[in-house]
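Q: Could you take me through one helix of this model up close, and then show me a few spots elsewhere for context?

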Amino acid sequence: MLLLGFSAGLPLLLIFSSLSLWLREAGVERSAVTFFSWAALGYSFKFVWAPLVDRLPLPWLTRRYGRRRGWLLLSQLAIITAIALMAAVDPATGPDALTRMALAAVMLGFSAATQDICIDAYRIESAPPRLQAILSSAYIAGYRVGMVASGAGALFLAALFLSSADDYAYSAWKLTYLIMSATMLVGVVTTLVIDEPQADRAQAYRHAPADYARLLLVFALAAAAFAGSFFVSGGSFALLRDALGGSLANGWGGGVLVSFLLESLRFLLAIGVAVAVGWSLVRVGLVDRPMARETWVAPVLDFFRRYGLATALLLLALIGLYRISDIVLGVISNVFYQDLGFTKPEIAKAVKTFGVLVSIAGGFLGGVLATRFGVMRILMLGAVLSAATNLLFVALAYAGHDLSLMYLAVAADNLAAGLASAAFVAFLSSLTSVSFTAVQYAIFSSLMTLFPKVLGGYSGSIVDGIGYPGFFIFTTLIGVPVLWLVWLAGRRLAIRGEGLTAASD
């Protein structure tokens, strides 16, 4: 689990902060750089294809390596390919290169999210419940080390190969990403040597191969409907944005809010089209209805039946917004440091090494406090700290290139994030039904990052409109409603007898 955690942690920063620095050095506009964070939305939609990973056998791979290892190996090979494709693109050569980079980054996000699904399922099935805590701890430790490798490691390598903000060198970033691609072999070798967990294969694969093929076809057609409607509607929404932006730009923060609302509407309409296409295909009999129901509908219905409509919607709102302050800030943090004049080695040492170590300490602290005082109390503490520590970045924005203040801001931010994450994972685990562990956990963890990452894609535009100090105050304020949601959820769960209080209580 330590090695698989490393394999899972490696891809994230290659489509997040490390890629942001590469694009900025290549001369890509700041607003365009932060849009690339949307490539990580695969993590936010993994619940859509998690049931397929759970139930769909792969030709030859499943027979040769088993149910979990077959999918795990496929996802890892796809990750290696995607990173290599990113390395083959120089983003400084123009819009076409940026398009190819975006496609490769989306492939990396999709593949990495699939690997996460496989590892979660492998961990749950490979050991009894009494060992799950230590397996999770080993996985998280490996995940953090993987993030150090693709964060600090990538920045150190790019600097070592002589690329800088003043003297951009594509060859340096190309070689860096190729090395990162080769590093993924750690996960591949681990997958090849571990044992397949013992599971009820008859229960997992109790339908005919043709049924699985039709199920996959329905998913592919629904995904194509989403992509097609989203891109086809782009021209119409661009005209509408221009029309509204001209009259509301001055009063609405330079048109950023208008753009965000219209893009959100466009996104929701595309989801509606995809759902309608999928539902219609099931209705006409392209796929077995009971099979489709048990794959996608049953896990959702179980959650709403257990908690009731009102409480379930409250919990989903809390899940979707809890991490909003630190995720939105995190999208542009590396660009912010670079704009203040910090070098890549300085950023790597402070953020990717020191910051990760502090976040690990925060995670252990959060786990101890949640055990002693209860999950909901530490969930509230994490929400307060996640929002409040963002104000340190306001001070850093005014101070400029101040290394001591940078370390203070990074320490506070990562300690709060680690503490909040530990409590939040325990909270999500408590909401998950044993009958639908993999799918429901995928839904929760996907929803956790969906809205924050969509909003984070506009962080560059927001900074352009109101500056860094205003942006960091904004990230603090959007965390305030989370405090009310945590309090309200705690009351609702306490009434149901599920208050998630301390063990000593």
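A: Sure, and first a caveat: this is a predicted model, where local features need pLDDT of at least 70, side-chain atom pairs count only at pLDDT 80 or more, and totals for chains, interfaces and linings use all residues. Residues are numbered from 1 along each chain as its sequence is written, and side-chain values use heavy atoms, with hydrogens and water left out.

Let's zoom in on helix 19, residues 375-388. Helices here are DSSP runs (H or I, at least four residues), numbered from the N terminus. At 1.5 Å a residue, its 14 residues should span 20 Å (1.5 Å times one less than the number of residues), and the end C-alpha atoms are indeed 20 Å apart. Buried in this helix (under 20% relative accessible area, 1.4 Å probe, protein chains only) are V375, M376, I378, L379, G382, A383, S386 and A387. They cover an arc of only 165° around the axis (taken from the directions from the axis to the C-beta atoms), which puts them on the same side of helix 19. An α-helix has 3.6 residues a turn, so residues three or four places apart point the same way.

Now for two loop residues. W60 sits in the loop between helix 4 (46-55) and helix 5 (61-65); W60 has a positive phi of about 65° though it isn't a glycine. With a relative accessible area of 46%, W60 is partly exposed (from 20% to 50%). L162, in the loop between helix 8 (132-160) and helix 9 (170-183), has a positive phi too, near 75°. At 64% relative accessibility, L162 counts as exposed (over 50%).
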